[in-house]
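Hello,

As promised, I am passing a structure on to you. Have a look at it first, and then read on for my notes on what turned up.

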Amino acid sequence: MPFTISKPMRFGDCDLTGIAYHPAYLSMLVDVNEAMFASFGVTWKEIMFERKLGLPTVTLNLEFKKPAVYGDVLDFAVHVRAIGRASLDLETIVTVRGDIIWTVRQRIVMTSLEDHKSHPWPDDVRAGLTRYLEPSHDA
Ligand SMILES: CC(C)(COP(=O)(O)OP(=O)(O)OC[C@H]1O[C@@H](n2cnc3c(N)ncnc32)[C@H](O)[C@@H]1OP(=O)(O)O)[C@@H](O)C(=O)NCCC(=O)NCCSC(=O)c1ccc(O)cc1
């Protein structure tokens, strides 16, 4: 089952015509990524400031299918497609009233903030992510 969360399209997320400004989508995606980790009890603040681990994105494949406008509510569904030694593959599908607006395939890699190299997923984080693991049928 995916992690789900909803976010409204606010005034500052749109251009002057009221249509979604795509850099705002990326900012929302980071918030959604952060909320998914918090949902299983491991906050980014703890990961970064106490455990000294980072979560950079290494690949992002975005597809925009329909415009969203000011006042729409975006429903995010985050599917964990694979968990590697240090990598995490996510597929996020964003809908408004059931219509797909945009999708993104993303790879995040856990790193050490000491040497900025990859670092294996800690067991508790891996267990939390596994809650949303749903391998893609076309993978
Ligand atoms: C992440 C890296 C340190 C990984 O480098 P290495 O330590 O050499 O990686 P490794 O070869 O050990 O590979 C580790 C895993 O990552 C995978 N990997 C590494 N690079 C890639 C790329 N480019 N594509 C796909 N997969 C990759 C690799 O296949 C391994 O997978 P698993 O075996 O399944 O674990 C390095 O690629 C890097 O620094 N990349 C730049 C990241 C970056 O600057 N992103 C831009 C946005 S910043 C950001 O998103 C962010 C920053 C800080 C935050 O707190 C939050 C978000």
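Let me start with the ligand. In this predicted model, strand E3 (57–64) and strand E6 (99–109) each contribute at least two residues to the shell around the ligand. E3 gives the most, with three residues. In total, 17 residues surround the ligand, and the closest are Pro56, Gly84, Arg85, Ser87 and Ser118. By character, the shell divides into eight polar, six nonpolar and three charged residues.

Now to the sheet. Five strands make up an open sheet, in the order E1-E4-E5-E6-E3, with antiparallel pairing. Its edge strands are strand E1 (3–8) and E3, each of which pairs on one side only. On average, neighbouring strands here are turned by 20 degrees against each other, if direction is ignored.

Two of the pairings are worth following on screen. E3 and E6 run antiparallel and are joined by seven bridges; in this region you will find glutamate 63 opposite threonine 103 in E6. E4 and E5, also antiparallel, are joined by eight bridges, and aspartate 75 stands opposite threonine 95 in E5.

Is E3 well covered or hardly covered? Hardly covered: among its eight residues, the count of buried ones is zero. So the strand that gives the most residues to the ligand shell is also an edge strand of the sheet.

Next, the helix on the sheet and the core. H1 lies across E1, E3, E4, E5 and E6, and runs at about 140 degrees to E1. As a general point, nonpolar side chains in soluble globular proteins tend to be buried together. The largest nonpolar core in this model has 25 residues, and Val32, Leu74 and Val78 touch the most other members. Helix H1 (22–39), strand E4 (73–83), strand E5 (87–96), E6 and helix H3 (123–130) each supply at least two residues of this core. H1 provides the largest share, five residues. If you would like one residue to centre your view on, try leucine 74: leaving aside residues up to four places away in sequence, its contacts are Ser6, Lys7, Met9, Ala68, Val94, Val96 and Ile101.

Two loop residues caught my eye for their backbone angles. Most residues other than glycine have a negative phi. Lysine 52, though not a glycine, has a positive phi of about 60 degrees. Lysine 52 sits in the loop between helix H2 (44–50) and strand E2 (53–54), and it counts as exposed because it has 12 C-beta neighbours inside 10 Å. Arginine 97 is the other one: its phi is near 50 degrees, again a positive value in a residue other than glycine. Arginine 97 belongs to the loop between E5 and E6, and with 8 C-beta neighbours inside 10 Å it counts as exposed.

Finally, please look at the segment after H3, where aspartate 138 is found. Why does aspartate 138 count as exposed? Because 4 other C-beta atoms lie within 10 Å, and a residue with 12 or fewer is called exposed. The C-alpha atoms of aspartate 138 and threonine 43 are separated by 31 Å, and these two residues are 95 residues apart along the chain.

Happy browsing, and best wishes!

Methods. Residues are numbered from 1 along each chain as its sequence is written. This is a predicted model: local features need pLDDT of at least 70, side-chain atom pairs count only at pLDDT 80 or more; totals for chains, interfaces and linings use all residues. A residue is near a molecule or strand if its C-beta atom, placed from the backbone, lies within 6 Å of it. Helices (H or I, at least four residues) and strands (E, at least two) are DSSP runs, numbered from the N terminus. Ala, Val, Leu, Ile, Met, Phe, Trp, Tyr, Cys and Pro count as nonpolar, Asp, Glu, Lys and Arg as charged, and the others, Gly among them, as polar. A nonpolar core is a set of buried Ala, Val, Leu, Ile, Met, Phe, Trp, Tyr and Cys residues joined through C-beta atoms within 7 Å. A residue is buried if 20 or more other C-beta atoms lie within 10 Å of its own, exposed if 12 or fewer, and partly exposed in between; C-beta atoms are placed from the backbone. Two residues are in contact if their C-beta atoms, placed from the backbone, lie within 7 Å. Two strands pair if DSSP finds at least two bridges between them. Axes are lines fitted to C-alpha atoms, for helices over the stretch in contact, and angles run from 0 to 180 degrees between N-to-C directions.
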